[in-house]
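Subject: Handing over a structure

Hi,

Here is the structure I said I would pass on, with my notes on what turned up in it. Have a look at it first, then read on.

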Amino acid sequence: MKRIITISLIFFISINTYSQTNKESVLKSFENYKNAILTDKGEIAAEFVDSRTMNYYSNILDKIKTADSLEVNSMGIIDKLTVLSMKHRTSKGELLNFIGRDLFVYAIDNGMVGKNSVMNAELGEVTTSGDFAKAEFIVNNQKTPFFFHFYQENEVWKLDITHLFSLGAMSFKKVIEDSGESENNFIINILEAATGKKPTNDIWKPLN
C-alpha cells in the first residue's frame, strides 16, 4: 500500500511539474513573440507562430498572386486588408519570389502587423491539454472574454494568430461603421495614410 501511495504521489508531482513547465513555456513564447512584434523582428516572431499561421500566410500569398478584383472584393475584412496592403506596400518582384514565411517576416519587419494588438496585452490564466493551450487575453490589466491559442510544435509552444482574426474583424467593422465610409474606401484611405501615397487600381489585379 505504501508503495502504491508513493508511486501515486510521484505521478501527481510529475504531472503538476509538467503542467507548470508548459505554462511557463507558453508565457515565455508569448513574451518572445510580443517583443519581436514591438521591435519589428520578423525572423524571431516567425519562430513563435504555429503552422496554422504560416499556412494562412501561404494562402494569402497565393491570393495576392492569383486573385482578381471580384475575388478580392468578396474576401473578409482581414484577408482583404492584408492582400491589398501587401500589394500596395511591396514590390511585385518581391511578392512573386516570396513563400508564406517570407510574407509573414516581411510584414513584421516593415511594421505591417499592428503593435497595438500586443502592446498592452498580457496572458492571464493558462490551461494546457496535450499539445494545445489557451491563455486569457488581458488588456490594460483587465480580463477580456477572449483567449490566445497555442500549439506545441517541435517542443515549442507557438501562437495561433489566426484564432484572433475574428476579434480583429469585429473591431475593424465597428470602426468602419462609425466612419460612415464603405469598407473599400476605408481600406484605401488607411493604405494612403500609412504610406503617404494613393493606392493604384493595380492592387485589385492578380500579379500573374
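Lysine 158 touches a good part of two stretches of the chain: Glu47, Phe48, Val49 and Asp50 on one side of the list, and His149, Phe150, Tyr151 and Glu153 on the other, leaving out residues up to four places away in sequence. This lysine is found in strand 4. It is buried, yet it has no salt bridge. How far away is the nearest side chain of opposite charge? That side chain belongs to glutamate 153, and the distance is 4.7 Å. A salt bridge here needs the nitrogen within 4 Å of a carboxyl oxygen, so lysine 158 and glutamate 153 do not make one.

Before you read too much into any of this: the model is predicted. The average pLDDT of the protein chain is 87, and 89% of the residues score at least 70. The stretch to be wary of is residues 7-18, where pLDDT stays under 50 and the model has two contacts beyond four places in sequence.

Back to the strands. Strand 4 (residues 156-159) pairs with strand 3 (residues 142-153) in the antiparallel sense, over four bridges. One pairing to look at is glutamine 152, whose bridge partner in strand 4 is tryptophan 157. The two strands form a hairpin with two residues between them, and asparagine 154 in the turn has a positive phi of about 55°.

Glutamate 153 does have a salt bridge of its own: its side chain meets that of arginine 52 at 3.6 Å, N to O. Arginine 52 lies in helix 3 and glutamate 153 in strand 3, so the pair ties together parts that are 101 residues apart in sequence. Glutamate 153 counts as buried because its relative accessibility is 18%, whereas arginine 52 is partly exposed, with a relative accessible area of 34%.

The salt bridge count comes to ten. A few others from that set:

- Glutamate 136 pairs with lysine 143, with the closest N and O atoms 3.8 Å apart. The glutamate counts as buried at 17% relative accessibility, while lysine 143 is exposed at 63%.
- Aspartate 178 pairs with lysine 174, and here the closest N and O atoms are 2.8 Å apart. Both lie in helix 9, four residues apart, or about one turn of the helix. Aspartate 178 counts as exposed at 54% relative accessibility, and lysine 174 is partly exposed at 46%.
- Glu43, Glu47 and Arg101 are linked in a network of salt bridges. Glu47 is also among the residues that lysine 158 touches.

Now the overall layout. The protein chain has ten helices and four strands, and along the sequence they follow the pattern α-α-α-α-α-α-α-α-β-β-β-β-α-α. Of the 208 residues, 38% are buried. Among contacts with a separation of 6 or more, 58% are between residues 24 or more positions apart.

Which parts cover helix 5? For its buried residues, the cover includes helix 3 (51-66), helix 4 (69-73), helix 6 (92-97), helix 7 (100-109), helix 9 (165-179) and helix 10 (183-195). Helix 5 itself runs over residues 77-89 and reaches 18 Å from its first C-alpha to its last, close to the 18 Å expected at 1.5 Å a residue. Eleven of its 13 residues are buried, and these include two lysines, Lys80 and Lys87, along with His88.

Just ahead of that, glycine 76 sits in the loop between helix 4 and helix 5. Glycine 76 is partly exposed, with a relative accessible area of 43%. Its C-alpha is 7.9 Å from that of alanine 169, although the two are 93 residues apart in sequence.

Helix 7 is another enclosed one: seven of its ten residues are buried, so the rest of the structure largely encloses it. The buried ones are Gly100, Leu103, Phe104, Val105, Tyr106, Ala107 and Ile108. Helix 7 is followed by glycine 111, which has a positive phi near 65°.

Cheers

Note on methods. Residues are numbered from 1 along each chain as its sequence is written. This is a predicted model: local features need pLDDT of at least 70, side-chain atom pairs count only at pLDDT 80 or more; totals for chains, interfaces and linings use all residues. Side-chain values use heavy atoms; hydrogens and water are left out. pLDDT is the predictor's confidence in each residue, from 0 to 100. Contact means heavy atoms within 4.5 Å. The expected span of a helix is 1.5 Å times one less than its number of residues. Buried means under 20% relative accessible area, exposed over 50%, partly exposed in between (1.4 Å probe, protein chains only). Two strands pair if DSSP finds at least two bridges between them. Lys and Arg count as positive and Asp and Glu as negative; His and the chain ends are not counted.
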